[in-house]
Amino acid sequence: MFLLKCLPLVALIAAAFSANPGVKIRLTQKGLEYGKQLGMASLLEKLKTAQIPDFSGKERVSPIGKVQYSLTNIHVVNLGLPQSSINLVPGSGVQLSISNAFISLRGNWRVKYLRFIKDSGSLDVNVNGLSISQTIAIKSDATGKPEASSAACSASVSSAKVKFHGGASWLYNLFSKFIDKALRKALEKQMCPLVAKSIADLNPRLKTLNVLAKVDKYAEIEYSMVSSPQISQPAIDLNLKGEFYNIGRHQEAPFPAPAFSLPAQSSNMIYIALSSFTPNSAGFVYNNAGVLSMYVTDDMIPRSSPIRLSTSTFGFFIPQIAQRFPGLMMKMLVKADKNPVVKFQPNVMTVDATATATAYAIQPNGTLSPLFVLNVDSSVSSQMSVSDLKLASRITLNKMSLSLGTSYVGDFKVNSLDNILQVILKLVVIPTVNVQLSKGYPLPALGKMKLVNTQLQIMQDYLMIGTDVQFTG
Ligand SMILES: *[C@@H]1O[C@H](CO)[C@@H](O)[C@H](O)[C@H]1NC(C)=O
């Protein structure tokens, strides 16, 4: 009984979690390598700030007896990270391994023995074989932006060789092995917290993800992460919402995002894939905003065209128009009737749009007299391109079919208007739409990112952009 009552809740939770992302971003090993390259420079600077605390101790050294020593002002003078690698740890994160790093330190020493003898000088320390292994977890924060944190870290130093300057050499040779060990431990303790600071420094950069990208005065695109990244052996996949919204009014699109998955690809640093959900949500938003409509007037039709928006042109096909409205100019309202539907198929993006075209005669006093309403079913294909972190497109008409909605001028053969409507779509409506589409739609981006070696492919159910990136500043 209890189980039965819970079932709807379980189903609801399952539905909420199965919401598919509209956009996926894949970071490949090549992308990780580039990220590592950027990160190592800042990690190097961070590790140079390592401060070895002053330390002191007592050791019994035969035959002198107790020797009190202290080491102060130990600081890094040189540091190198010649070997590092970055690897994905499926399910948990990214592992950074640094090996054979070296550090040169300088500081001061002081000893006291046989109750009253004091000595002091400087010392150089050569640290070799420093290894650091750091696991970085990447999660989605509360706002859907990526966040890196340190998941596990270990550091070890295989040798620290101390060279004393000044003082009695016989003495410090006797106890230098104690100091070597103490220094090694002190350094090992310093390394992980410094690496953790470097990871924390990544976050301001990661938080520059444009989770709400403004498009124009009507629309914005949400690129927040819908779940934490999926980390598998070849790549990290980020799942982003990828949904257009009317600005300030986030109403969910009335259709679900389809599931899609990326093919194994690794020649570019990142792959950005959009399912048809993203452009379809755009259609929903612009239709909601009431902007998928336009008036076509005769002055918009090129002068070279023999077809005019006048009762004499239309009267040639529909004689009633020439008789009842002689010598008048016309106006046509073309308006989307449903949300346009975008489909991705290999190498082809098509948009099916259903519109109405309402024709009016313009009376000498400006009054519009309706003549007829046509239903226009059209299919366009779209060529997509990427520039400046924007996805632009350009549509061309594939096919169009007309049916009569309403006539105010009696019966006529609708198909006789096919050519006129094609001219209006091709010469006026589509070029106007293309001006908008050419402005482009912002892609998800981090900070000052530049795309290079970019290519775009249309696959079954999604569009995929493969690209390398460069960060400038
Ligand atoms: C405008 O002219 C038309 C046709 O002559 C007429 O039917 C209509 O009443 C006029 N409208 C106005 C506001 O004058």
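Exposed means over 50% relative accessible area, and buried means under 20%. These legends use both words for a predicted model.

**View 1. Arg 303 is an exposed loop residue.**
Arg 303 sits in the loop between strand E15 (293–297) and helix H5 (311–317). Its relative accessible area is 64%, so Arg 303 counts as exposed. Which residues does Arg 303 touch, leaving aside its neighbours within four places in sequence? They are Asp 298 and Arg 308. With Asp 298, the link runs from side chain to side chain: a polar contact of 3.5 Å.

**View 2. Asn 210 is a buried loop residue.**
Asn 210 belongs to the loop between H3 and strand E9 (212–214). Is Asn 210 buried or exposed? Its relative accessible area is 19%, under the 20% cut-off, so Asn 210 is buried. The side chain of Asn 210 reaches the backbone oxygen of Leu 443 at 3.0 Å. Beyond its neighbours within four places in sequence, Asn 210 is in contact with Tyr 223, Leu 443, Pro 444 and Ala 445.

**View 3. One disulfide joins Cys 153 and Cys 192.**
A disulfide is a covalent bond between the sulfur atoms of two cysteines. How many disulfides does a search of the whole structure find? The search finds one. The sulfur atoms of Cys 153 and Cys 192 are 2.1 Å apart. Cys 153 lies in strand E8 (residues 146–165) and Cys 192 in helix H3 (residues 169–206), so the pair ties together parts that are 39 residues apart in sequence. The torsion about the S-S bond is about -85°, so this disulfide is left-handed. Cys 153 is partly exposed, at 27% relative accessible area. Cys 192 counts as buried, at 17%.

**View 4. Six strands make an open sheet.**
Strands of a sheet pair through backbone hydrogen bonds, either parallel or antiparallel. Here the pairing is antiparallel, and the strand order is E11-E12-E1-E14-E23-E22. Which strands lie at the edges? They are E11 (230–231) and E22 (449–459), and each pairs on one side only. Strand E1 (residues 23–28) pairs with strand E14 (residues 270–275) over five bridges. Within that pair, Leu 27 has Ile 270 as its bridge partner. Helix H2 (residues 29–48) lies across E1, strand E12 (235–240) and strand E23 (462–471). H2 runs at about 70° to E1.

**View 5. Strand E23 pairs with both E14 and E22.**
Six bridges join E14 to E23, in the antiparallel sense. One partnership here sets Ile 272 against Ile 465 of E23. Nine bridges join E22 and E23, again antiparallel. In that pair, Leu 451 has Val 469 of E23 as its bridge partner. How many residues lie between the strands in the hairpin of E22 and E23? There are two, and Asp 461 takes a positive phi near 80° in this hairpin. E23 is mostly covered, with eight of its 10 residues buried.

**View 6. Confidence is low at the start of the chain.**
The protein chain averages a pLDDT of 91. Of its residues, 96% score at least 70. Where does pLDDT stay under 50, with zero contacts beyond four places in sequence? That stretch is residues 1–17.

Methods:
Residues numbered from 1 in each chain as written. Heavy atoms only, no water. Pairing = 2+ DSSP bridges. Helix = DSSP H or I, 4+ residues; strand = E, 2+ residues; numbered from the N terminus. Contact = heavy atoms within 4.5 Å. Axes fitted to C-alpha atoms, helices over the stretch in contact; angles between N-to-C directions. Buried < 20%, exposed > 50% of the residue type's maximum accessible area, 1.4 Å probe, protein only. pLDDT = per-residue confidence, 0-100. Disulfide = S-S within 2.5 Å. Polar contact = N/O pair within 3.5 Å; in protein donor to acceptor, adjacent residues only side chain to side chain.
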